[in-house]
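Subject: A structure to look at, with notes

Dear colleague,

I am passing on a structure that I would like you to look through at your own pace. Please open it first, and then read the notes underneath it.

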Amino acid sequence: MLSDQARKALYELGLTAYEVKVYETLISHGYLTASEISQISKIPYTKIYEVLTSLVRKGFIKAEKTRPAKYYPVEPKIALDYLKKENEKKLIQN
């Protein structure tokens with residue numbers, strides 16, 4: 001489980017409530033399929049792939065190319081470093 005402080009920091013970094021729930025679910029449970037993530041996190045299955053794709057793009061999770069795909073969390077420090085670098089790139093480009 002994430003602490004309230006960690007959860008608040010993720011929101012401040014631009015993650016949505018669904019993204020935080022998925023990330024927290026994966027930190028707690030490890031490798032899971034989209035269906036398992038949806039059931040555990042209580043996020044509608046119709047939204048889960050959108051959330052997973054966003055978290056992969058942001059560097060918070062990775063996907064194993066299995067059938068069905070399994071997702072797993074990236075270590076929080078690594079994910080935050082990646083997000084910081086991506087935000088710096090955006091600032092430089094603007």
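The notes below cover how two pairs of helices pack, then a pocket, and then two points about the backbone.

This is a predicted model, in which local features need pLDDT of at least 70 and side-chain atom pairs count only at pLDDT 80 or more, while totals for chains, interfaces and linings use all residues. Residues are numbered from 1 along each chain as its sequence is written, and side-chain values use heavy atoms, with hydrogens and water left out.

Two packed helices are described by the angle between their axes and the distance between the axes. Helices (H or I, at least four residues) and strands (E, at least two) are DSSP runs, numbered from the N terminus, and axes are lines fitted to C-alpha atoms, for helices over the stretch in contact, with angles running from 0 to 180 degrees between N-to-C directions.

The axes of α1 (residues 4-12) and α2 (residues 17-29) come within 10 Å and cross at roughly 135°, so α1 and α2 are oblique to each other (angles under 35 degrees count as roughly parallel, over 145 as roughly antiparallel, 65 to 115 as roughly perpendicular and the rest as oblique). Their contact (heavy atoms within 4.5 Å) is made by Arg7, Leu10 and Tyr11 of α1 and Ala17, Val20, Tyr23 and Glu24 of α2.

For α3 (residues 34-41) and α4 (residues 45-58), the axes come within 9 Å and cross at roughly 110°, and α3 and α4 are therefore roughly perpendicular to each other. On the α3 side the contact is made by Ala34, Ser35, Ile37, Ser38 and Ser41, and on the α4 side by Tyr45, Ile48, Tyr49 and Leu52.

The largest pocket (on a 1 Å grid over the protein atoms alone, an open set of points where a 1.4 Å probe fits, with protein on both sides within 12 Å along at least five of seven lines; lining residues have an atom within 4 Å of a point) holds about 170 Å³ of space, a volume being the space filled by probe spheres set on the points, which are joined across faces, edges and corners. Among its lining residues are Leu13, Arg57, Tyr82 and Lys90, and the largest share of the lining, five residues, comes from α5.

Most residues other than glycine have a negative phi, and most peptide bonds are trans. Lys42, in the loop between α3 and α4, has a positive phi near 65°, and the peptide bond from Arg67 to Pro68 is cis, with omega near -5°.

Best wishes
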